[in-house]
Amino acid sequence: GDVRRVLQFHDGINEVKAVDAMTQHPVTVHSSALLGEALAVMEEREHQINVLPVVDELNTCIGVIRIHDIIRTTVGS
């Protein structure tokens with residue numbers, strides 16, 4: 001979504017810096033959250049998201065979880 005939005009104002013991405021395209025305050029989930037909680041965060045929004053940054057106690061991004069990861073994990077159970 002971030003790249004799509006920045007391309008609405010620029011002809012290409014070659015001169016655009018990541019900081020100019022990124023979401024400044026993204027929705028995140030803590031690493032201790034249950035998968036169901038992460039899925040709820042993704043789905044219970046006006047605009048659903050497919051990728052959710054995972055943060056630690058210091059609010060540092062330690063990874064991302066995709067909705068496909070959650071589905072694959074729950075279907076395989």
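Student: In this predicted model, with which residues is Ile 65 in contact once its neighbours within four places in sequence are left aside?

Tutor: The model is a predicted one, and contact here means heavy atoms within 4.5 Å. Ile 65 belongs to the largest nonpolar core, and some of its partners, among them Met 42, Leu 52, Val 54 and Ile 70, are listed in that core as well. Leaving aside the neighbours within four places in sequence, the contacts of Ile 65 are Leu 35, Met 42, Asn 50, Val 51, Leu 52, Val 54 and Ile 70.

Student: Which elements each supply at least two residues of the largest nonpolar core?

Tutor: The core has eight residues in all, namely Val 29, Ala 38, Met 42, Leu 52, Val 54, Ile 65, Ile 67 and Ile 70. The elements that each supply at least two residues of this core are helix 3, strand 2 and helix 4.

Student: Why do the buried residues of helix 4 line one face of the helix?

Tutor: The buried residues of helix 4, which spans residues 67–75, are Ile 67, Asp 69 and Ile 70. An α-helix has 3.6 residues a turn, so residues three or four places apart point the same way. Seen down the axis of helix 4, the buried residues line one face because they fall within an arc of 160 degrees.

Student: Which exposed residues does helix 4 carry on the face turned away from its buried side?

Tutor: The cover over the buried residues of helix 4 includes helix 3 (35–43) and strand 3 (61–66). On the face turned away from that buried side, the exposed residues are Arg 72 and Val 75.

Student: Is Leu 35 buried, partly exposed or exposed?

Tutor: Leu 35 lies in helix 3 and, not counting residues up to four places away in sequence, touches Ile 65, Ile 70 and Thr 73. Its C-alpha is 9.7 Å from that of Ile 67, although the two are 32 residues apart in sequence. Buried means under 20% relative accessible area and exposed means over 50%, so Leu 35, at 33% relative accessibility, counts as partly exposed.

Student: Which residues does Val 27 touch, not counting residues up to four places away in sequence?

Tutor: Val 27 is found in the loop between helix 2 (18–21) and strand 1 (29–30), and at 30% relative accessibility it counts as partly exposed. Its C-alpha atom is separated by 13 Å from that of Glu 37, ten residues away along the chain. Not counting residues up to four places away in sequence, Val 27 touches Val 41, Arg 45, Ile 49, Leu 52 and Pro 53.

Student: What phi does Asn 59 have?

Tutor: Asn 59 is found in the loop between strand 2 and strand 3, where Leu 58 also has its place. Asn 59 counts as exposed at 56% relative accessibility, and Leu 58 is exposed with a relative accessible area of 72%. Although Asn 59 is not a glycine, its phi is positive, at about 65 degrees.

Student: Which element gives the most to the lining of the largest pocket?

Tutor: The largest pocket has a volume of about 450 Å³, and of the 14 residues that line it, the closest to its centre are Asp 2, Arg 5, Thr 23, Ile 49 and Val 51. Two elements, helix 1 (2–7) and strand 2 (51–55), give two or more residues to the lining. By class, the lining has five nonpolar, five polar and four charged residues. With three residues, the element that gives the most is helix 1.

Conventions:
Residues are numbered from 1 along each chain as its sequence is written. This is a predicted model: local features need pLDDT of at least 70, side-chain atom pairs count only at pLDDT 80 or more; totals for chains, interfaces and linings use all residues. Side-chain values use heavy atoms; hydrogens and water are left out. On a 1 Å grid over the protein atoms alone, a cavity is a set of points where a 1.4 Å probe fits but cannot get out, and a pocket is an open set with protein on both sides within 12 Å along at least five of seven lines; lining residues have an atom within 4 Å of a point. Grid points are joined across faces, edges and corners, and a volume is the space filled by probe spheres set on the points. Helices (H or I, at least four residues) and strands (E, at least two) are DSSP runs, numbered from the N terminus. Ala, Val, Leu, Ile, Met, Phe, Trp, Tyr, Cys and Pro count as nonpolar, Asp, Glu, Lys and Arg as charged, and the others, Gly among them, as polar. Buried means under 20% relative accessible area, exposed over 50%, partly exposed in between (1.4 Å probe, protein chains only). The arc is that of the directions from the helix axis to the C-beta atoms. A nonpolar core is a set of buried Ala, Val, Leu, Ile, Met, Phe, Trp, Tyr and Cys residues joined through side-chain atoms within 4.5 Å.
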